[in-house]
Amino acid sequence: MIFGGIETGGTKTVCAVGTGPDDIREEARFPTDNPDATIGGCIDMFKRWQPDLAAVGIASFGPVDLDPGSDTYGYVTTTPKPNWQYINLAGQVRDALGVPVNFDTDCNGAALGEHMWGAARGVDTFIYLTVGTGIGGGGMVGGQMLHGMLHPEMGHVTVPHDWEQDPYEGWCPYHGDCLEGLAAGPALEGRWRAKGETLPPEHPAWPLEAQYLASGIINMLYVLSPQVVILGGGVMDNRFLYGMVRKEVLRQMNGYLRVPRLLDSLESFIVPPALGNKSGVLGAIALAARARA
Ligand code: ZN
């Protein structure tokens, strides 16, 4: 029995067939531009694996409709991405292949991948936060994927804006200076007029970035009490940021939570994804393994 996984992202879609990190039988990438071509490309690849293909998991950019009782369950909904508004992503795949499809957000998918095979193995309450062209989050509480009313939108939490150091107003079209507006890749570029990857580790961009990310993480820590916080995404490819974020979390928490996890082993509390940039597509395969007919 093998599974198909689809991870749709803002620019590219990754599609794979297999059962886990050590068993990927085929993998393909498509640009996420024309939905017919992108979804059709994935379906064509999966068709070659029938009848062995037992189910498909989809980890999608959003917003998405995850309410099984809704008429638009399985759709990408109000995305600003051209041509992708109200696209029936899960339904098209299910109808074309006739197999169960399990549908979730890209961040929940990545979180599940890390739970199965990566940095969140053995814990049942954790968050996965990606810091890239946007900031998104997913995770589990008590072993259940976070869904609720819609799905988490952790990137849009409010964090204290350090106006004294940082006159940049933020770029989120809805909120201006929410966490995403202040700390995603476009904020670095908007504030410093240079792409994040060109800024050296000693640049003042980074203490400010760590300050904002730590504020966001502390919000999540107080609300969900995660056992692990996984930080992924392109901005976190600047590995020196992990140490800076950990220090900032301790500084801003100001001695409030006195638990060994934070005081003695912060290095194993705020961590990179163990599956690197494969968390999402492997998570989609893990979603497939949980699919119900
Ligand atoms: Zn926002």
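Me: In which sense do strand S1 (residues 2-8) and S4 pair?
Reply: They pair in the parallel sense, over six bridges. Keep in mind that this is a predicted model. One point to locate on the pairing is Gly4, which stands opposite Val56 in S4.

Me: Which strand do five bridges join to S4?
Reply: Strand S5 (residues 101-105) is joined to S4 by five bridges, and the two run parallel. Look at Ile58 here: its bridge partner in S5 is Phe103.

Me: How many of the residues of S4 are buried?
Reply: Seven of its eight residues are buried, so by the cut-off of under 20% relative accessible area the strand is mostly covered.

Me: In what order do the five strands of the open sheet stand?
Reply: Start with the general idea. In a regular strand, side chains alternate between the two faces of the sheet. Now the case: the order is S8-S7-S6-S9-S10, and the pairing is mixed. Strand S8 (144-145) and S10 stand at the edges. Each has a single partner strand, so one side of each is left without a neighbour in the sheet.

Me: In what sense do strand S6 (residues 126-131) and strand S7 (residues 135-141) pair?
Reply: S6 and S7 pair in the antiparallel sense, over six bridges. To find the register, take Leu129: it stands opposite Gly137 in S7.

Me: How many residues of H9 are buried?
Reply: Ten of its eleven residues are buried, and H9 is mostly covered. Among them are Val281, Leu282, Ile285 and Leu287. Ser279, Gly280 and Gly283 are buried too.

Me: What are the protein donors of the zinc ion?
Reply: There are two histidine nitrogens and two cysteine sulfurs: His156 (ND1), His175 (ND1), Cys172 (SG) and Cys178 (SG). They lie 2.0 to 2.4 Å from the ion. In sequence, the spacing of the donor residues reads H-x15-C-x2-H-x2-C.

Me: What do the angles among the four donor atoms make the site of the zinc ion?
Reply: General idea first. The ideal angle for four tetrahedral donors is 109.5 degrees. Here the angles run from 102 to 122 degrees, and the site is tetrahedral. The cut-off asks that all angles lie between 85 and 135 degrees, so this range passes.

Me: Is Cys172 buried or exposed?
Reply: Cys172 counts as buried, because its relative accessibility is 5%. His175 is partly exposed, with a relative accessible area of 43%.

Me: How many salt bridges does the structure hold?
Reply: Seven. To read one, check the closest N and O atoms, then ask where the partners sit. Take Arg48 and Glu26, whose side chains meet at 2.6 Å, N to O. This pair links distant parts of the chain, 22 residues apart. Arg48 is in the loop between helix H1 (35-47) and strand S4 (53-60), while Glu26 is in strand S3 (residues 23-31). Arg48 is exposed at 56%. Glu26 counts as partly exposed at 21%.

Me: Which parts does the pair of Glu27 and Lys278 tie together?
Reply: Their side chains meet in a salt bridge of 3.0 Å, N to O. Glu27 lies in strand S3 and Lys278 in the loop between strand S10 (270-271) and helix H9 (279-289), so the bridge ties together parts that are 251 residues apart in sequence. Both partners are partly exposed: Glu27 at 32% and Lys278 at 30%. The linkage also takes in Arg29, as Glu27, Arg29 and Lys278 are linked in a network of salt bridges.

Me: Where do Arg251 and Glu248 lie?
Reply: Both lie in helix H7 (residues 240-253), three residues apart, or about one turn of the helix. Their closest N and O atoms are 2.8 Å apart, in a salt bridge. The partners differ in cover. Arg251 is exposed at 52%, whereas Glu248 is buried at 14%.

Me: Which residues form a nonpolar patch on the surface?
Reply: Tyr222, Val223 and Tyr256 do. Together they have about 370 Å² of accessible area. Tyr222 lies in helix H6 (residues 205-224). At 40% relative accessibility, Tyr222 counts as partly exposed. Patch residues need over 30%, so Tyr222 qualifies on that count.

Conventions: Residues are numbered from 1 along each chain as its sequence is written. This is a predicted model: local features need pLDDT of at least 70, side-chain atom pairs count only at pLDDT 80 or more; totals for chains, interfaces and linings use all residues. Side-chain values use heavy atoms; hydrogens and water are left out. Patches are made of residues with over 30% relative accessible area and no salt bridge: like charges are joined within 9 Å, nonpolar side chains (Val, Leu, Ile, Met, Phe, Trp, Tyr) within 5 Å. Accessible areas come from the Shrake-Rupley method with a 1.4 Å probe; for residues, only the protein chains shown count as cover. A salt bridge is a side-chain nitrogen of Lys or Arg within 4 Å of a carboxyl oxygen of Asp or Glu. Helices (H or I, at least four residues) and strands (E, at least two) are DSSP runs, numbered from the N terminus. Buried means under 20% relative accessible area, exposed over 50%, partly exposed in between (1.4 Å probe, protein chains only). Donors are N, O and S atoms within 2.8 Å of the metal (3.2 Å for Na, K and Ca); water is not among the atoms, so sites may look incomplete. Four donors count as tetrahedral if all angles lie between 85 and 135 degrees; four count as square planar and six as octahedral if opposite donors are over 155 degrees apart and all others between 65 and 115; anything else is irregular. Two strands pair if DSSP finds at least two bridges between them.
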